[in-house]
Amino acid sequence: MNQSGKIYLVMGVSGSGKTTIGQLLASQLHIDFFDGDDFHSVSNIEKMKSGQPLDDHDRHDWLKNINTLASKTLAANTSAVIACSALKKQYREIISANLKESIIWIYLHGSKELIQQRMAARQNHYMPVALLQSQFDILEIPNESIKIDISLDPQTMVNTILQETYKTTLGIVGLGVMGKSLARNWARAGVKLSLYNRFVKGVEEQVAEKTIQAYPELEKASGFEDLPSFIHSLAKPRIIFMMIKAGKETDRFIDEMLPHLDAGDILIDGGNSHYEDTKNRIAFLEKKQIHFIGTGVSGGEKGALYGPSIMPSGSYEAYQKIEHLLYAIAAKDKNGNPCAAYIGPEGSGHFVKMIHNGIEYAEMQLIAETYAYLRYVQGLDPFAIAQVFDAWNQGDLHSYLLESTVQILQKKEGESYLIDLILDVAGNKGTGNWATIAASELGIPAGMITGALFARYVSTIKESIRHIKQASITNIHSTQLSIDTIKSAYTAARIINHQQGFLIIKAASLEFNWNLDLSNIARIWTNGCIIRSRLMEKMIPAFHDHYELFEYPEFQEESLRLKPELKSFCISALEFDLSIPCFTASLDYLNSLSGMYSTANIIQAQRDFFGAHTYQKMNDASGAFYHTEW
Ligand code: NDP
């Protein structure tokens, strides 16, 4: 089906002027006009002439005829104006089946008195004035339409329709690193854009205009720094994608926009917002009949520019209206499907993005710890380590993060490796912290994410770290491991990291009734996002049949098979006084799961000792709780 044509569907009750306005619009656009009434069956017309209202059964074939007319028009790569009352939402759904993006609804509205007067003056029409009330009774006013006041003169009405029709499809707020790149991506996909960046005198002036001038692909976009003009430049229902600082700034900005928005408008927050904030914003805006979609976006600046992974959540109805826009810019998986999918209700999209970032923290930390071993124990220089990582990256360990690290390690500044010139302090913007808190609140052991987060915190207390580093150098008394052993340890730890991360998502899905599809989440993370990897590809089928990675024999067996190497790596690294919180957390997870040398019974006894918290007994089928006077 060719999507370049448009159907202008002029709707409203009988007597509202659909034919007059439709014909005038068609003549100005130089396209055909069709009166929907001509597509009624003879029996429908007879019924109306005899003063009986049509029922939905009578209307069904008629509406399907109009859908066929619209489909044929679009298939012929042309546009047309069709006049049709289309009073109920369900009628409009029949007319627009499979054509949603190509139909522009134009709703002619006016008072019953005015319409009655016009109908009374009309001759040669089969709709008696008496039937008008029945039309008003069933009318469901469409949210997504251009609403035109019929008390205006016809030419003004048509001018307004044309003005509204040629408005912009998508508004983007915030032209920082991410917003600017997403805008360029959408512009390349042919989406008509309005761009807005706030105005701060002397600091942020004409940002949108300057951005448009800097990138040729944005030449058709319109730039704004005046919020009302930006909002009014958008076609209704307005779709506004925010890519600004998360937190209170986002709330403040929503408040600023609110007076200029209308029912049915859709706000999308692509920033790294907390999932509970998203849930609250959805509920708050729902009361004002404004849709709010919170979406995770991953891929950094390059991803935003060439294809990010996108994780939207909120009302499914609203999502359906923006899906085509997300698909237009998302990365593609290996089957060519977009790495964007509806995640679930409430703030589930931002939750999933938060855990994505948690997994990312641990993936980065594992690479850093492996690097530390190769550098300080094996004595390899950054270039040699890049070669080791590059070789791993050619096989099953392939990942975007490993690939990036190869490039990082090869980069020189003058005679020095750039990595050696970078201050040894790691920053964070909060999502690792939130992921750790969420895991803890949901009761999921996510020691690797926590370890990676705390490693960043430790790096900030650098003076004491330097001191310990100096002291530890003399303590070397272990044998070095082979590269293959290190590779196996890294392979095992990565599986455990993904097991822990996805377990948090599973727990949230159950706790909040989100019904999340883990396999599809893994799929949209196979490209565009920062944690894309070959391992992620392998996880798609695993999550089809199972809700946990470790329920899938291949993953559980592989991590257990590689456990000896993981253990050797941890022992050796610790003997060399390396800090390896993520590797030790992964090994500890396997040890704890095996339950061979459990310590929980001691804890339970201690709890009962000082707090009378009771305990259960082994092999006690009754499940009874006991308390001992210790
Ligand atoms: P930048 O700092 O580059 O840009 C931030 C944007 O937000 C700027 O346009 C800024 O406007 C605007 N802004 C800040 N405060 C306000 C405010 N009070 N009112 C209106 N606009 C405001 O950040 P990024 O583009 O990197 O990130 C944007 C969002 O995307 C953040 O939520 C971030 O967490 C998230 N994100 C970032 C990723 C990344 O890799 N960088 C990846 C995925 C998500 P001004 O120019 O006037 O300061």
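**Loop after H1.** I began with His30, which sits in the loop between helix H1 (18-29) and strand S2 (32-35). The model is a predicted one, and I read the backbone angles from it as such. Phi of His30 is near 60°, so I noted a positive value in a residue that is not glycine. For context, most residues other than glycine have a negative phi.

**Cis peptide.** Next I looked up the bond between Lys236 and Pro237, and I found it to be cis, with omega about -10°. Most peptide bonds are trans. Pro237 belongs to the loop that runs between helix H10 (227-232) and strand S9 (239-242).

**Ligand surroundings.** I then turned to the ligand, which has 19 residues around it. Which of them come nearest? I listed Val177, Met178, Asn197, Arg198 and Ile244. For polar contacts I went residue by residue. Asn197 places a polar side-chain atom 2.9 Å from an oxygen atom of the ligand. Leu175 has a backbone N or O atom 3.1 Å from a ligand oxygen. For Gly176, a polar backbone atom is 3.3 Å from an oxygen atom of the ligand.

**H11 and H12.** I checked how helix H11 (residues 248-257) packs on helix H12 (residues 275-286): the axes come within 12 Å and cross at roughly 15°. Angles under 35 degrees count as roughly parallel, so I entered H11 as roughly parallel to H12. The crossing of H11 past H12 is right-handed. On the H11 side I recorded Thr250, Asp251, Ile254 and Asp255, and these meet Arg281, Phe284 and Leu285 in H12. By class, the residues of this contact are three nonpolar, one polar and three charged.

**H15 and H27.** The last pair I looked up was helix H15 (residues 348-377) with helix H27 (residues 581-594). Their axes are 8 Å apart and the packing angle is about 110°. The range for roughly perpendicular is 65 to 115, so H15 went down as roughly perpendicular to H27. From H15 I noted Ala362, Gln365, Leu366, Glu369 and Thr370 in the contact, and from H27 Pro581, Cys582 and Phe583. How many residues of each class make up the contact of H15 with H27? I wrote down five nonpolar, two polar and one charged.

Methods:
Residues numbered from 1 in each chain as written. Predicted model: local features only at pLDDT ≥ 70, side-chain atom pairs only at ≥ 80, totals over all residues. Heavy atoms only, no water. Axes fitted to C-alpha atoms, helices over the stretch in contact; angles between N-to-C directions. Helix = DSSP H or I, 4+ residues; strand = E, 2+ residues; numbered from the N terminus. Parallel < 35°, antiparallel > 145°, perpendicular 65-115°, else oblique. Left-handed = near helix turned anticlockwise from the far one by under 90°. Contact = heavy atoms within 4.5 Å. Nonpolar A, V, L, I, M, F, W, Y, C, P; charged D, E, K, R; others polar. Near = heavy atom within 4 Å. Polar contact = N/O pair within 3.5 Å; in protein donor to acceptor, adjacent residues only side chain to side chain.
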